[in-house]
Amino acid sequence: MMIKQIPYKEFHRLLLNQGLRVAIGPFNVCVQTAYAPLAEQLYKLYCHYRLVQDEIAEFHVRIVTERLYKNPFRQNVRFLLDGQSPFNSFPPEQALAVLEWGINLAIAVRVNHLLILHSAVVEKNGHAILFPAWPGSGKTTLCTVLCYRGFRLLSDEFGLMDPRRRLFLPIPRLMPLKNESIAVIRSYLPEIVMGQSIPNTQKGTVAHVRPPEQSLLQSEHTAKAKWIIFPKWIAGSPAKIEAISDSEAFMLLASNAFNYEVLGATGFMAVADLIRSCDCYKLVYSDFDNVMDVLHKLINEA
Amino acid sequence: MRWRANQFHTLLIEDWNEEYTVFQPDSGKTHFFNQMSIQMLIYLDQNPATLEEISTHLAMQFQQTPDNSFLRSIEKVLHHFDTLGLVSKLHQDSRHDDQADSV
């Protein structure tokens with residue numbers, strides 16, 4: 001059953017009491033909160049996620065409100081993972097961003113049976129395309145455009161690779177656009193559903209894009225990677241894609257993973273196999289139409 | 001003073017067209033090496049050698065002049081490998097021990 005199939009009252013009751021259990025890719029996450037404005041945002045943005053019943057949740061997360069010691073008339077929100085608080089508290093209007101960062105943190109630090117690359121992943125014609133990149137390179141923005149223009153979203157943040165089967169597991173999450181990207185995407189993709197802009201976060205203004213329903217419906221369909229493309233948004237730059245050497249791709253990919261070193265030899269072999277099975281490129285772009293042309297050409301030539 | 005490779009057989013080496021990524025299980029680190037660095041490790045795994053011997057061997061293999069500048073660059077790489085735990089100095093006593101073991 002999907003979240004949109006239950007009334008808001010029931011949704012809110014779950015969040016308040018035993019927790020809302022939701023399938024996010026290969027993980028089940030139990031979310032609890034009594035903070036009503038967050039519940040309203042989640043109902044809108046999580047509506048296509050599958051509700052989980054009678055299954056174990058890997059992560060138990062909560063957003064709780066607390067009064068500030070120095071200013072008891074103000075409330076802040078705090079993220080808890082299995083009862084532990086990994087962050088400071090935040091202003092309540094940032095609750096959604098804090099929850100999303102917290103779930104990302106839980107995945108990044110707790111999951112070590114999969115290789116976790118810092119990469120957006122989309123799928124086209126049965127093949128996964130990786131866009132590994134450091135924060136600020138525009139991978140979430142690019143990923144948002146692609147997944148609303150004919151590509152399937154696996155993730156805007158985590159390249160989850162099963163090191164034994166060499167498959168990428170989808171983990172479609174809300175896509176947090178930042179700063180100028182928010183207006184750019186609102187203009188380029190007016191049809192998408194986006195949460196409120198949340199100003200003054202650690203990353204500036206953030207607004208979350210709801211993932212496409214089709215991507216969520218197919219979130220159990222794994223894919224093998226065929227292309228690894230390191231993207232970089234540069235203002236005014238024409239879209240340009242250039243092949244890079246396998247050795248350079250290896251080092252870029254391994255140094256851009258969350259748990260490569262933790263996995264040891266398994267991680268090394270997984271990255272080596274991945275590089276051998278993919279064509280590797282660097283991409284600079286500024287215009288979405290141009291970059292779509294470049295990517296379609298690459299895919300059609302394969 | 002002679003040098004030898006440490007636990008060379010445990011290294012995982014991937015060849016990317018004469019560039020190499022090397023996983024070192026002892027440290028859990030991945031290194032990025034060129035052809036000459038790999039050949040140096042292979043040579044030191046097979047033959048504990050002095051800096052001069054290594055330099056002569058590599059100069060011949062890569063058609064370089066084994067002058068002082070080449071020697072110094074090889075020495076620099078050796079010390080880097082030593083820091084990484086990929087090679088170590090073989091003292092006279094341990095060399096005798098090794099020879100005794102192999103008899």
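Two residues count as in contact if their C-beta atoms, placed from the backbone, lie within 7 Å. The exercises below apply to a predicted model.

**Exercise 1. Determine which strands of chain B helix H9 of chain A lies across, and describe the sheet that these strands form.**

Step 1. Helix H9 (residues 265-277) of chain A lies across E2, E3 and E4 of chain B. Its direction is at about 10° to E2(B).

Step 2. These strands make up an open sheet of three strands in the order E2-E3-E4, and the pairing is antiparallel. From one strand to the next, the twist averages 20°.

Step 3. E2 and E4 of chain B each have a single partner strand and stand at the edges, so one side of each is left without a neighbour in the sheet.

**Exercise 2. State how many residues of chain B are in contact with chain A, and find which strand gives the most to that side.**

Step 1. On chain B, 10 residues are in contact with 11 residues of chain A.

Step 2. At least two residues of this side come from each of strand E2 (12-15), strand E3 (19-24) and strand E4 (29-34) of chain B. E3(B) gives the most, with three residues.

Step 3. Sorted by class, the residues of the side of chain B that touches chain A are five nonpolar, three polar and two charged.

**Exercise 3. Trace the pairing of E3(B) with E2(B) and with E4(B), naming bridge partners and the residues of positive phi in the hairpins.**

Step 1. Strands of a sheet pair through backbone hydrogen bonds, either parallel or antiparallel.

Step 2. E2(B) and E3(B) are antiparallel and are paired over four bridges. The bridge partner of B:Ile13 in E3(B) is B:Val22. Three residues lie between the strands of this hairpin, in which B:Asn17 has a positive phi near 55°.

Step 3. E3(B) and E4(B) also run antiparallel, joined by six bridges. B:Val22 stands opposite B:His31 in E4(B), and B:Gln24 stands opposite B:Lys29. The hairpin of E3(B) and E4(B) has four residues between the strands, and B:Gly28 takes a positive phi near 75° there.

Step 4. B:Val22 thus has a partner on each side, namely B:Ile13 and B:His31.

**Exercise 4. Classify the packing of helices H1 and H2 of chain B as oblique or perpendicular, and list the residues in contact.**

Step 1. Helix H1 (residues 35-46) and helix H2 (residues 51-61) of chain B pack at an angle of about 130°, and their axes are 11 Å apart.

Step 2. Angles from 65 to 115 degrees count as roughly perpendicular and those over 145 as roughly antiparallel. The angle of about 130° therefore makes H1(B) oblique to H2(B). The crossing of H1(B) past H2(B) is right-handed.

Step 3. H1(B) contributes B:Met36, B:Gln39, B:Met40, B:Tyr43 and B:Leu44 to the contact, while H2(B) contributes B:Ile54, B:His57, B:Leu58 and B:Gln61. The contact has six nonpolar, three polar and no charged residues.

**Exercise 5. Carry out the corresponding analysis for helices H7 and H9 of chain A.**

Step 1. Helix H7 (residues 246-254) of chain A and H9(A) pack at about 135°, with their axes 10 Å apart. The two helices are therefore oblique to each other, and H7(A) passes H9(A) in a right-handed crossing.

Step 2. From H7(A), the contact draws on A:Asp246, A:Ala249, A:Phe250, A:Leu253 and A:Ala254; from H9(A), on A:Val271, A:Ala272 and A:Ile275. Seven of the residues in this contact are nonpolar, none is polar and one is charged.

**Exercise 6. Give the strand order of the five-strand sheet of chain A, and identify its edge strands.**

Step 1. The order in this open sheet is E3-E1-E2-E4-E5, with mixed pairing.

Step 2. Strand E3 (50-51) and strand E5 (75-81) of chain A are the edge strands, each pairing on one side only.

Step 3. Within the sheet, strand E1 (residues 20-24) and strand E2 (residues 27-33) of chain A pair in the antiparallel sense over five bridges. A:Leu20 stands opposite A:Val31 in E2(A).

Step 4. Helix H3 (residues 95-110) of chain A lies across E2, strand E4 (59-67) and E5 of chain A, and runs at about 145° to E4(A).

Definitions and conventions: Residues are numbered from 1 along each chain as its sequence is written. Chains are lettered from A and ligands numbered from 1 in the order in which they are written. This is a predicted model: local features need pLDDT of at least 70, side-chain atom pairs count only at pLDDT 80 or more; totals for chains, interfaces and linings use all residues. Axes are lines fitted to C-alpha atoms, for helices over the stretch in contact, and angles run from 0 to 180 degrees between N-to-C directions. Angles under 35 degrees count as roughly parallel, over 145 as roughly antiparallel, 65 to 115 as roughly perpendicular and the rest as oblique. A crossing is left-handed if the near helix is turned anticlockwise from the far one by less than a right angle, and right-handed if clockwise. Ala, Val, Leu, Ile, Met, Phe, Trp, Tyr, Cys and Pro count as nonpolar, Asp, Glu, Lys and Arg as charged, and the others, Gly among them, as polar. Two strands pair if DSSP finds at least two bridges between them.
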